[in-house]
Amino acid sequence: MLPQGDHLFKRLSLDETLSRVWDVYMKGFWTFLKICLVVSLLNAFIWSWLMLPVLRWVLGVTESTLLSNEFNDQNNDKYTLDAALLTFLHGILEALLASVASGGIILAVAFIYADEQEDGVNGRLNWWVCLRDGGLKNAVTLITASAITTIGEVVGILFFWVPGIYLLVIWFLTNPAIVLESNRNNNSNGNNAVDGEHPSPSIRAILKSQNLTRGSWCYCFCTALIGYAVVVLMKILWIMIVLEGIFKDTDQYLLYTLTGSLLMTVPLALVLPIFAILQTIMYFNLRVEKEGMNFEALLKDLGQTTEHGSYRQVSLLETAHAVLGDDLELHTESIPQNNSNRLSQVETAQGEVML
């Protein structure tokens with residue numbers, strides 16, 4: 001069970017983060033699965049019925065040629081580039097649609113994290129509402145940000161890996177920033193940038209991720225490494241056990257049929273929720289540490305208020321105590337002048353507890 005009250009909004013260690021990921025995954029398993037299955041179906045239909053016929057026409061090959069041993073023979077140079085192109089484009093399509101599914105999962109995690117089921121508000125927590133509000137409404141921003149970060153990471157990896165790994169870590173929280181920040185802005189200023197912010201929501205989310213991860217490199221690196229390792233491991237196991245085992249005689253044709261495309265996206269439905277949950281909880285964790293995030297702030301991210309239910313609001317002072325403990329006074333004395341507004345909020349929140 002997820003902890004209630006103050007315990008939701010405290011700085012989590014790595015092992016506590018992983019435990020929270022599993023709790024959230026089990027609590028929203030069917031919601032996450034439905035989101036991923038719908039997106040997997042969409043991926044398969046777009047590829048098989050729209051993209052593949054166009055690509056066959058562009059490449060000048062028939063369907064029978066596409067499924068022939070000649071086309072899929074790795075030792076045959078005639079179609080090597082064509083096959084590589086199809087594999088690459090299929091991977092791009094899957095990655096872009098996965099970012100949309102990730103948006104729906106992130107919003108679902110936020111609802112679960114707020115524990116809204118207690119008073120029935122979580123009637124909104126169904127797969128379609130989460131996919132619509134978290135994924136589809138932010139699809140352009142999510143896909144744009146995914147394209148920007150992917151290109152940057154690939155270029156970085158080409159330069160001896162280290163720059164690419166660095167970018168993978170500092171941009172790890174881009175999707176949660178897109179979904180939750182835009183959801184909050186849509187309920188305030190129509191998703192327009194305030195003074196001093198970048199006008200592009202994709203760039204704002206990338207910069208937000210960079211700001212949150214700054215100074216927490218070890219924690220962010222280990223968490224991101226675990227997330228990527230789970231995805232890669234599941235992909236490898238699926239290929240070895242299912243594609244190379246059960247479908248051993250037909251695996252080279254899987255990319256070129258509707259059934260094959262569905263089989264290729266099954267790992268997405270299994271591991272994407274874990275990856276998106278990990279991103280979201282890490283996002284919350286760093287906001288608690290660096291921005292004093294509390295329950296009221298989470299409700300603002302969801303476009304709601306405490307009037308919906310009998311939740312206990314955690315004040316900024318309580319959050320500071322949860323993070324800093326007995327060192328609160330020592331840390332507040334060293335807060336610079338540009339944080340005076342936040343310190344003032346903490347001081348005025350001393351007696352603030354809402355039931």
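1. A quick definition before we start: contact means heavy atoms within 4.5 Å. Keep that in mind for the residue lists below. Also, this is a predicted model, so what follows describes a prediction.

2. The overall picture is helical: the protein has 16 helices and 0 strands. Of its 355 residues, 46% count as buried. As for the contacts with a separation of 6 or more, 77% of them come from residues 24 or more positions apart.

3. I'd start with Q279, which sits in helix α12, the stretch covering residues 258-291. Is Q279 buried or exposed? Its relative accessibility is 5%, and the cut-off for buried is under 20%, so Q279 counts as buried.

4. What does the Q279 side chain have for polar company? One of its polar atoms lies 2.8 Å from the backbone oxygen of F172. F172 also turns up in the contact list: setting aside neighbours within four places in sequence, Q279 touches S102, F172, L173 and P176.

5. Staying with α12, have a look at how helix α1 (residues 14-27) packs on it. The two axes come within 9 Å and cross at roughly 125°. That angle is neither over 145 nor in the 65 to 115 range, so α1 and α12 are oblique to each other. The crossing is right-handed.

6. Which residues make the contact between α1 and α12? From α1 there are T17, L18, R20, V21, V24 and Y25. On the α12 side you'll find L270, P273, I274, I277, L278, I281 and N285. Sorted by class, this contact has 10 nonpolar, 2 polar and 1 charged residues.

7. The other helix pair to look at is α2 (residues 29-59) with α5 (residues 80-113). Their axes come within 9 Å, crossing at roughly 155°. The cut-off for roughly antiparallel is over 145, so α2 runs roughly antiparallel to α5. As α2 passes α5, the crossing is right-handed.

8. How many residues of each class are in the contact of α2 with α5? There are 21 nonpolar, 4 polar and 2 charged residues.

9. If you're browsing the model, here's a short route. Begin at Q279 in α12, and find the backbone oxygen of F172 at 2.8 Å from a polar atom of its side chain. Then go to the oblique pairing of α1 and α12, and finish with α2 and α5, which are roughly antiparallel.

How values were computed
Residues numbered from 1 in each chain as written. Predicted model: local features only at pLDDT ≥ 70, side-chain atom pairs only at ≥ 80, totals over all residues. Heavy atoms only, no water. Axes fitted to C-alpha atoms, helices over the stretch in contact; angles between N-to-C directions. Helix = DSSP H or I, 4+ residues; strand = E, 2+ residues; numbered from the N terminus. Parallel < 35°, antiparallel > 145°, perpendicular 65-115°, else oblique. Left-handed = near helix turned anticlockwise from the far one by under 90°. Nonpolar A, V, L, I, M, F, W, Y, C, P; charged D, E, K, R; others polar. Buried < 20%, exposed > 50% of the residue type's maximum accessible area, 1.4 Å probe, protein only. Polar contact = N/O pair within 3.5 Å; in protein donor to acceptor, adjacent residues only side chain to side chain.
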